[in-house]
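Work through the exercises below with the sequence and the model open. Try each task before reading its solution.

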There are 2 protein chains.
Amino acid sequence: MAQKDYSIKTETLARFAKALGHPARITIMKYLAQRTECYCGDIQEELPIAQSTVSQHLKELKDAGLIQGEIQTPKVRYCINRENWDYACQLFDDFFGTQLCNKGDKGCCES
Amino acid sequence: MAQKDYSIKTETLARFAKALGHPARITIMKYLAQRTECYCGDIQEELPIAQSTVSQHLKELKDAGLIQGEIQTPKVRYCINRENWDYACQLFDDFFGTQLCNKGDKGCCES
DNA sequence: ATTATTTATCGTATCTTTGCGATGAATTTT
DNA sequence: AAAATTCATCGCAAAGATACGATAAATAAT
């Protein structure tokens, strides 16, 4: 036990990763990225799961800060939360790119 | 229900994201990336959790294909699985970069 | 031979996730 | 006013994740 806790960056990255750790939520994010119109109902039609389950996944993405919803009754317009998304993008970039994705380097198990 | 299933790429990306969805596992990957020597015991000293729990996290990373272990009794040498890691890197790049991280574009909720 | 070291696995407890149908809230349409 | 639309939430069940200590397995050291 070298450290009592994980760093904030590590916690945040893990949180984003966890939010993306389900195919339904990946699909939702991809869908939201492709349109300017993004109502909840449209998302449901893209997914092989019940409406209530979609709503839960949307809630998780919202709780993770990756999307936001704007009520336009009776519909709800969802979209990517740019600020947090860009931060997630940056954290993943740091993680993969700078730290691990140096393709020129040899891995520790490669001789 | 437009489609019965998710695409393989989507499933794979979600699987990688899920594996990274815990601060202990993020810490492990960062640690492995920084050294050429990477024995199991060293990893445990970096984490604020019990040995058996670390072993479980290592197993999950291994199951997801992100790392691999080589027995050098009595120790076990762990390292990043380059092939799969690079693929994960690419999938995340596509997801963030091409699809969502176009910072010049306006989001659908930004006026 | 016995003991120590290192790691995986087992058993267990608790919490979280994933999923569904049913219901409720807030409108809009008829 | 009544019915339909849209979405969130509740209640529930099943499965998975997270954590721990104890134990096993496989060697190395004494």
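**Exercise 1.** How much space lies in the largest pocket?

*Solution.* About 260 Å³ of space lies there. This is a predicted model, in which local features need pLDDT of at least 70, side-chain atom pairs count only at pLDDT 80 or more, and totals for chains, interfaces and linings use all residues; side-chain values use heavy atoms, leaving out hydrogens and water. Residues are numbered from 1 along each chain as its sequence is written, with chains lettered from A and ligands numbered from 1 in the order in which they are written. A pocket is an open set of points on a 1 Å grid over the protein atoms alone where a 1.4 Å probe fits, with protein on both sides within 12 Å along at least five of seven lines. Its volume is the space filled by probe spheres set on the points, which are joined across faces, edges and corners.

**Exercise 2.** Find the residues and helices that line the largest pocket.

*Solution.* Start with the residues. The lining (residues with an atom within 4 Å of a point) has 14 residues. Nearest the centre of the pocket lie A:Arg15, A:Lys18, A:Ala19, A:Arg25 and A:Glu60. Next, take the helices (DSSP runs of H or I, at least four residues, numbered from the N terminus). In chain A, helix 1 (8-19) and helix 4 (51-63) each supply at least two lining residues. Helix 1 of chain A gives the most, with four. Finally, sort by class: four lining residues are nonpolar, four polar and six charged. Here Ala, Val, Leu, Ile, Met, Phe, Trp, Tyr, Cys and Pro count as nonpolar, Asp, Glu, Lys and Arg as charged, and the others, Gly among them, as polar.

**Exercise 3.** Describe the protein surface near DNA strand C.

*Solution.* First, count the residues near the strand (a heavy atom within 4 Å of it). There are 22 around DNA strand C, and A:Arg25, A:Ala50, A:His57, B:Ser55 and B:Tyr78 come nearest. Sugar or phosphate holds 63% of the strand C atoms within 4 Å of the protein, and bases hold the rest. Now list polar contacts (pairs of N or O atoms within 3.5 Å). The side chain of A:Thr53 has an N or O atom 2.9 Å from a phosphate oxygen of strand C. For the side chain of A:His22, an N or O atom is 3.3 Å from a phosphate oxygen of strand C. The side chain of A:Ser52 meets a base oxygen of strand C instead, with an N or O atom at 3.2 Å. Helix 4 of chain A gives the most to this surface, with five residues.

**Exercise 4.** Which residues come closest to DNA strand D?

*Solution.* They are A:Gln51, A:Ser55, A:Tyr78, B:Ala50 and B:His57, out of 22 surrounding residues. Of the strand D atoms that come within 4 Å of the protein, 67% are sugar and phosphate. A side-chain N or O atom of A:Ser55 is 2.4 Å from a phosphate oxygen of strand D. A:Val76 uses a backbone N or O atom, 3.0 Å from a phosphate oxygen of strand D. Helix 4 of chain B supplies the largest share of this surface, five residues.

**Exercise 5.** Locate the cis peptide bonds that end at A:Pro74 and B:Pro74.

*Solution.* In chain A, the bond runs from A:Thr73 to A:Pro74, with omega near 5°. A:Pro74 sits in the loop between strand 1 (67-72) and strand 2 of chain A. These strands are DSSP runs of E, at least two residues. In chain B, the cis bond runs from B:Thr73 to B:Pro74, with omega near 5°. B:Pro74 lies in the loop between strand 1 (67-72) and strand 2 of chain B.

Technical notes
Polar contact = N/O pair within 3.5 Å; in protein donor to acceptor, adjacent residues only side chain to side chain.
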